[in-house]
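Q: Could you take a close look at a single part of this model for me? I am in my first year, so please explain each term as you go.

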Amino acid sequence: MQLKIYNSLTAEKEIFKPILEGNVGMYVCGPTVYSNVHLGNVRTFLSFDFIYRTLMHLGYKVRYVRNITDAGHLTDDGNVENDRFVKQTRLEKLEPMEIVQKYTVDFHKVLEMFNLLPPNIEPTATGHIVEQIELTQKLIERGFAYESNGSVYFDVLEYNKRGLNYGELSKRNIEELFANTRDLDGQGEKKNPQDFALWKKASPAHIMRWNSPWGEGFPGWHLECTAMSTKYLGENFDIHGGGMDLKFPHHECEIAQGKACNDTAPVNYWMHANMLTMNSQRMSKSTGNYILPMQLVSGENDFFEKPFHPSIVRFCFLQAHYRSVLDISNDAMIASEKGFIRLMEAVKVLNSITPDDTKESGFNLEEWKNKCYEALTDDFNSPILIAHLFEAVKFIFALNDGKETISSKDLEDLKSTLNAFIFDVLGLQTIEENNNEKLDQTLKVLIELRNQARKAKNFELSDQIRDKLLAEGIELKDGRDGTTYVLN
């Protein structure tokens, strides 16, 4: 099957053709480490973790680069006091690199909790100042940038005059961009309102500053990704990913920088993960509709009735396609928890199934596998993959009830395939908790008491145990190999 990827640049699904056969270079914009990583960020990084896992499962050798922005993140190109790191250092009364360290640790801790694989390379903006200065000099030499009052700006109008198209990714018209630009402090330094900063002159109060040919300053936000992606993946690489909110201006600027520097499109496939909402509303600190990842997992919040294990959160996120808006709510999380438990119970039950080689398998395994791979190769369609997994789950419980049969060969194939999809590709983990172990032991005792009652023909007691457990959401399943239970 050919892998198809939705390319944001062309707004179409395209057959994926890597630059180097069997290899993939993938760059994903990482966090700006001035505060705790929020749940929307987690959704984006988790989406690309699933994409990374899928590419490896399909046999590609992947070099995955995800940066850390630890300097120069301006909300606009005007007032340097709008640098988020400057604001946070004042708020917390810490040195800038203390802020960076604190929130980088938090970022890694949260992503590890949700079982995200680390990237192959995780470069930082502060570790690549030299490369950013060199890129800025090259852009000046090629006539695409100019120095103004100690700052350097990319000349968008000059870029377009040379037959290039600033706005090609976001599908924006440059005349409209000029018309809709709001006045910003420091705008007078620019030739054109849409020009963006490559290097900013540091104010006297600005702590994070480096020497440059234009005086002391710090790099522009857009430049760092061009510097790091080019260094580790080359002037032209396969996939660039990030959140939908980065399409403009951040990724638009990256395209312009790459083309202006190297006379080639920097990226072949642009991929964007969509936003996360909660209770059908945008998550925002200002409205109070906001929750941190740790609060969802710990239960210390006012939105959800109970804590949810990170693997259940991950399962919930993957039930929506990465390009779709995902809305989480208490009901959605409860439903995800039930689905997750049933999926994991099926894995457990499958390991206790006895094959029957005297009959044909009642499940077309090859057809099912093909459908699963069709979902994976159709722009990484995780919800369709999960739907197909539950077709197998239904068959597994039918096997356990003695209603279906499976051969030895198909049983081993089903086990290995199901485990690969659930644990390697989706990245789910089993939940091992003391409470679950105690529940398991308690139910074993109750099942044994029920079996003794049935042997003694005390069917009233036997049915009473079964019915009371069912009322509590625990269904007993009697099969050829004994009695098991399912949490409903």
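A: The domain assignment splits the chain into domain 1 (4–273), domain 2 (277–424) and domain 3 (435–487); such bounds come from an automatic or database domain assignment. Let's look closely at domain 1, which covers residues 4–273. This is a predicted model, in which local features need pLDDT of at least 70 and side-chain atom pairs count only at pLDDT 80 or more, while totals for chains, interfaces and linings use all residues. Residues are numbered from 1 along each chain as its sequence is written, and side-chain values use heavy atoms, with hydrogens and water left out.

How does domain 1 sit against domain 2? Taken over C-alpha atoms, their centres are 34 Å apart. The contact between them involves 30 residues of domain 1 and 32 residues of domain 2, where contact means heavy atoms within 4.5 Å.

Now for a group of strands. Helices (H or I, at least four residues) and strands (E, at least two) are DSSP runs, numbered from the N terminus, and two strands pair if DSSP finds at least two bridges between them. Strand β5 (residues 145–148) runs antiparallel to β6, joined to it by 4 bridges. One pair to find on screen is E147 with its bridge partner V152 in β6. Together β5 and β6 make a hairpin with 2 residues between them. N149 lies in the loop between these strands, and its phi is positive, near 55 degrees, although it is a residue other than glycine.

On its way to another partner, look at the side chains of β6 (residues 151–154): S151 and Y153 point one way, V152 and F154 point the other way, and all are buried. Here buried means under 20% relative accessible area, exposed means over 50%, and partly exposed lies in between (1.4 Å probe, protein chains only). β6 also runs antiparallel to strand β7 (residues 196–201), with 3 bridges joining them. F154 has F196 in β7 as its bridge partner.

Most residues other than glycine have a negative phi, and most peptide bonds are trans. Besides N149, look at N115, which is not a glycine but has a positive phi of about 60 degrees. N115 is found in the loop between α3 (96–113) and α4 (129–141). With a relative accessible area of 18%, N115 is buried.

Finally, follow helix α8 (residues 247–262). From first C-alpha to last, its 16 residues reach 21 Å, close to the 22 Å expected at 1.5 Å a residue; the expected span is 1.5 Å times one less than the number of residues. Of these 16 residues, 14 are buried, so α8 is largely enclosed by the rest of the structure. P249 has its place in α8, and the peptide bond leading to P249 from F248 is cis, with omega near 5 degrees. Just after α8 comes D263, which takes a positive phi of about 60 degrees.

One record is worth a glance too. UniProt lists residues 31–41 as "short sequence motif: 'HIGH' region" in an unreviewed entry; its positions follow the numbering used here, feature names are shortened, and annotations may be inferred rather than shown by experiment. Over that stretch the chain is 27% helix and 0% strand, with end C-alpha atoms 8 Å apart.
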